[in-house]
Amino acid sequence: MDVAAIFDSREYRDLATRKQLAKAGLGPAALHAALTTEDLSRVRRRVYARRPLEPCGEHLLSGGRIDPAYLRQAQAVLLELGPNAALRGRSAAVVWGLDMLVEPDVFEVQVPRTQSRVDRADIDARRTAEP
């Protein structure tokens, strides 16, 4: 399966989980080959992209415009944590375009209580009851 063809579809928006890639026809051997030839980059645990994530700018929100690198990193975090994860607090405020005095230095997320431990330096996870 061609990696470019998978990511050219609108469904993946330049980021995909290992499970999504397998569903699109990219098996473990093809995934390893794509990583070796640098056609694909591992950007987070079980999350892949055609190019590495860019670092965030000095300000996440400036002049009413959200830093695209922050949005892409937030999307990667949510893909890593699964379909029941959501941004919360200041991280959600940035995505909504709300100006604030103190921008988040970690991704603030909420995950279901049933989710296994989230132990990452750049993620502040709060467990909540599932809806």
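Start by selecting Arg46: at 41% relative accessibility, this residue counts as partly exposed. Keep in mind as you look around that the model is predicted. Arg46 sits in the loop that connects β2 (41-44) with β3 (47-49). Now add Arg18, Arg42 and Arg45 to the selection, and together with Arg46 you have a patch of positive charge on the surface.

Next, stay with the charges and turn to salt bridges, of which the structure holds eight. Select Arg51 and Asp14, whose side chains meet at 3.5 Å, N to O. The two partners are 37 residues apart, with Arg51 in the loop between β3 and β4 (61-62) and Asp14 in the loop between α1 (3-8) and β1 (15-17). Asp14 is buried, at 16% relative accessible area, while Arg51 is partly exposed at 40% relative accessibility. Add Glu54 and Arg72 to see the network of salt bridges that links them with Asp14 and Arg51.

Now move to the open sheet, where three strands run in the order β6-β7-β8 with mixed pairing. Its edge strands are β6 (86-87) and β8 (123-128), each paired on one side only. β6 and β7 (residues 107-112) are antiparallel and joined by two bridges; zoom in on Leu87 to find Val109 of β7 opposite.

For the last stop, which residue forms a salt bridge with Arg88? Select Asp124: the two side chains meet at 3.0 Å, N to O. Arg88 lies in the loop between β6 and α5 (89-96) and Asp124 in strand β8, so the pair ties together parts 36 residues apart in sequence. Arg88 is buried, with 12% relative accessible area, whereas Asp124 is partly exposed at 35%.

Notes: Residues are numbered from 1 along each chain as its sequence is written. This is a predicted model: local features need pLDDT of at least 70, side-chain atom pairs count only at pLDDT 80 or more; totals for chains, interfaces and linings use all residues. Side-chain values use heavy atoms; hydrogens and water are left out. Patches are made of residues with over 30% relative accessible area and no salt bridge: like charges are joined within 9 Å, nonpolar side chains (Val, Leu, Ile, Met, Phe, Trp, Tyr) within 5 Å. Accessible areas come from the Shrake-Rupley method with a 1.4 Å probe; for residues, only the protein chains shown count as cover. A salt bridge is a side-chain nitrogen of Lys or Arg within 4 Å of a carboxyl oxygen of Asp or Glu. Lys and Arg count as positive and Asp and Glu as negative; His and the chain ends are not counted. The place of a charge is taken as NZ of Lys, CZ of Arg, CG of Asp or CD of Glu. Helices (H or I, at least four residues) and strands (E, at least two) are DSSP runs, numbered from the N terminus. Buried means under 20% relative accessible area, exposed over 50%, partly exposed in between (1.4 Å probe, protein chains only). Two strands pair if DSSP finds at least two bridges between them.
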